[in-house]
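Welcome, and thanks for taking a look with me. Please keep the sequence and the 3D view open side by side while you read.

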Amino acid sequence: MKAQALRDTSTMGYMAAKKHLEINAEHQIMIALKAKVDADKNDKSIKDLIVLLYETALLSSGFSLEDPQNHASRIHRMIKLGLGVDDEPATEDADSDMPPLEEDAPAEDEDKARMEEVD
């Protein structure tokens, strides 16, 4: 308490909370992770899930992360994986198969003719 009042940080390490992580081996998440690790130990997405699970436990317990930017990028990778989105950004070549936009608006008669064609 004296160190807090005098802002002496040399003894703060003694008063810091210790981190304990208890794992329930019978939980569905742990069973699924174990099966995936047994299937492929080098799967990057499984490693990301395990670290993400640990960091989430830290956050929910009130601790802070050492590298929050890394945590955020891991979450983004998992979201992309869950949605089936590629990591490569879309390019303008992907839009090249689209028909060109019409510059002039068609007249009313042409609009009616097009509507009849659709029906």
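The numbered points below go through salt bridges, a surface patch and a helix pair.

1. Before anything else, please keep in mind that this is a predicted model. The charged pairs are a friendly place to begin. Side chains of opposite charge can pair when their charged atoms come close. In this structure there are 4 salt bridges, and the next points visit some of them.

2. Start with Lys34 and Asp38, whose side chains form a salt bridge at 3.1 Å, N to O. Both residues belong to helix α3, which covers residues 28-39. They sit 4 residues apart, about one turn of the helix. As for its surroundings, Asp38 is partly exposed, and its relative accessible area is 48%.

3. Next, find Arg77 and Asp48, which are joined by a salt bridge of 2.9 Å, N to O. This pair connects distant parts of the chain: Arg77 comes from helix α5 (residues 68-83), while Asp48 comes from helix α4 (residues 44-60), 29 residues apart. Is each partner buried or exposed, or partly so? Arg77 is partly exposed, with a relative accessible area of 29%. Asp48 is buried, because its relative accessible area of 7% falls under the 20% cut-off.

4. A further link is made by Arg74 and Glu55, with a salt bridge of 3.0 Å, N to O. Arg74 is part of helix α5 and Glu55 is part of helix α4, so this pair ties together parts that are 19 residues apart in sequence. Arg74 and Glu55 are both buried.

5. Now put the last two points together. Which residues are linked in a network of salt bridges? They are Asp48, Glu55, Arg74 and Arg77. I would suggest showing these four side chains at once in your viewer.

6. For a change from charges, turn to the nonpolar surface patch made by Ile75, Ile79, Leu83 and Val85. Its area is about 360 Å². One of its members, Leu83, is found in helix α5. Leu83 counts as exposed because its relative accessible area is 65%, over the 50% cut-off.

7. Finally, look at how α3 and α4 are arranged. These helices pack at an angle of about 150°, and their axes are 10 Å apart. That angle makes α3 roughly antiparallel to α4, because angles over 145 degrees are counted that way. The crossing of α3 past α4 is left-handed.

Conventions:
Residues numbered from 1 in each chain as written. Predicted model: local features only at pLDDT ≥ 70, side-chain atom pairs only at ≥ 80, totals over all residues. Heavy atoms only, no water. Helix = DSSP H or I, 4+ residues; strand = E, 2+ residues; numbered from the N terminus. Buried < 20%, exposed > 50% of the residue type's maximum accessible area, 1.4 Å probe, protein only. Patch = residues over 30% accessible without salt bridge, like charges linked within 9 Å, V, L, I, M, F, W, Y side chains within 5 Å. Areas by Shrake-Rupley, 256 points an atom, 1.4 Å probe, with all protein chains shown as cover. Axes fitted to C-alpha atoms, helices over the stretch in contact; angles between N-to-C directions. Parallel < 35°, antiparallel > 145°, perpendicular 65-115°, else oblique. Left-handed = near helix turned anticlockwise from the far one by under 90°.
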